[in-house]
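Subject: Structure handover

Hello,

Here is the structure I promised to pass on. My notes follow below it.

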Amino acid sequence: MDPHAKAKHLLEAQGSARARDLRAAGLEGAQIARLVQRGELVRLARGVYSLPGRAPSADEGLQIVARRVPDGFFCLLTALRFHGLTTQAPHSVWLGIAAGRHAPRLDWPSLRVVRYSGAGLSAGIETHDRDGVPLRVTGVARTVVDCFKFRNRIGLDVALEALSQVRRERRASNDELWRLASQLRMANVMRPYLESVA
């Protein structure tokens, strides 16, 4: 199979691919640039390409970010959407990274970076596979705790709605919420809200 056909097959199967994946399929950097110039490839983000006229899937932006920032994780509004806890589609992807780490630069999707340290980098984070790409996402209980932690950035109403929905749908127990709230030093802030929905 010639490199163009191999690359096209890869993009049809995956939806998008990194430049290094296209090079592994046999294309050289100059060939990739020419295909973009001729409109046979679309550059979604730096080093990420797709076929033209293809509607991106709901998870494609997350996959692009996960490939570029494998040690990051999706949080706050992106995690709420991922877990079906909101009907709103956030305009940006909310990404958690280590404090002191430089924010990644992407053309698409736009990012809202949140910096974490200590237990915030590991507690309550799950890995979900989407088309062979591991997506690290805060779990349901951790997402609720984070919503309270960053209530000044996303709004207390969003945090309260998330807590109410999670308890109503029994997606996380009070014990789970208390444990994570304690680990992330949010127990005092969340205590009155958790007691009101107990």
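This is a predicted model, and its three-stranded open sheet is the place to start. The strand order is β1-β3-β2, and the pairing is antiparallel. The edges are β1 (16–18) and β2 (42–45), each of which pairs on one side only. On average, neighbouring strands of this sheet are turned by 35° against each other, direction ignored.

Now the pairing in detail. Three bridges link β1 to β3 (residues 48–50), in the antiparallel sense. Across this pair, R18 faces V48 of β3. Helix α4 (residues 60–68) packs on the sheet and touches β1, β2 and β3. The direction of α4 makes about 10° with that of β1. As background, strands of a sheet pair through backbone hydrogen bonds, either parallel or antiparallel.

A second strand pair is worth opening in your viewer. β7 (residues 125–130) and β8 (residues 133–138) run antiparallel and are joined by six bridges. H128 of this pair stands opposite L135 in β8. The hairpin of β7 and β8 has two residues between the strands. D131 in this hairpin takes a positive phi near 55°.

Next, the cores. Which residues touch the most other members of the largest nonpolar core? They are L76, V144 and M190, in a core of 30 residues. At least two residues each come from α5, β6 (111–116), α6 (140–149), α8 (156–168), α9 (174–183) and α10 (187–197). The biggest contributor to this core is α6, with six residues. Leaving out residues up to four places away in sequence, V144 touches A162, L163, V166, L177 and M190. There is also a second, separate core of 20 residues. Its members include V48, I97, V113 and L135. V48 is the residue that R18 stands opposite, and L135 is the one opposite H128.

On to backbone angles. Most residues other than glycine have a negative phi. Two further residues are listed here for their positive values.

- L76 has phi near 45° and is not a glycine. This residue is found in helix α5. Is L76 buried or exposed? L76 counts as buried because its relative accessibility is 0%, and the limit for buried is under 20%.
- R185 has a positive phi of about 55°, and it is not a glycine either. R185 lies in the loop between α9 and α10. R185 has a relative accessible area of 75%, so it counts as exposed, the cut-off being over 50%.

Last, R81. This residue is found in helix α5 (residues 76–82). Why is R81 classed as partly exposed? Its relative accessible area is 41%, so R81 falls between the limits of 20% for buried and 50% for exposed. Setting aside neighbours within four places in sequence, R81 is in contact with T86, T87, Q88, A89 and P90. V36 is 45 residues from R81 along the chain. The C-alpha atoms of R81 and V36 are separated by 32 Å.

If you want a short route through the model, begin with the sheet of order β1-β3-β2. Then go to the 30-residue core, with L76, V144 and M190. Finish at the hairpin of β7 and β8, with D131.

Best wishes

Terms used. Residues are numbered from 1 along each chain as its sequence is written. This is a predicted model: local features need pLDDT of at least 70, side-chain atom pairs count only at pLDDT 80 or more; totals for chains, interfaces and linings use all residues. Side-chain values use heavy atoms; hydrogens and water are left out. Two strands pair if DSSP finds at least two bridges between them. Helices (H or I, at least four residues) and strands (E, at least two) are DSSP runs, numbered from the N terminus. Axes are lines fitted to C-alpha atoms, for helices over the stretch in contact, and angles run from 0 to 180 degrees between N-to-C directions. Contact means heavy atoms within 4.5 Å. Buried means under 20% relative accessible area, exposed over 50%, partly exposed in between (1.4 Å probe, protein chains only). A nonpolar core is a set of buried Ala, Val, Leu, Ile, Met, Phe, Trp, Tyr and Cys residues joined through side-chain atoms within 4.5 Å.
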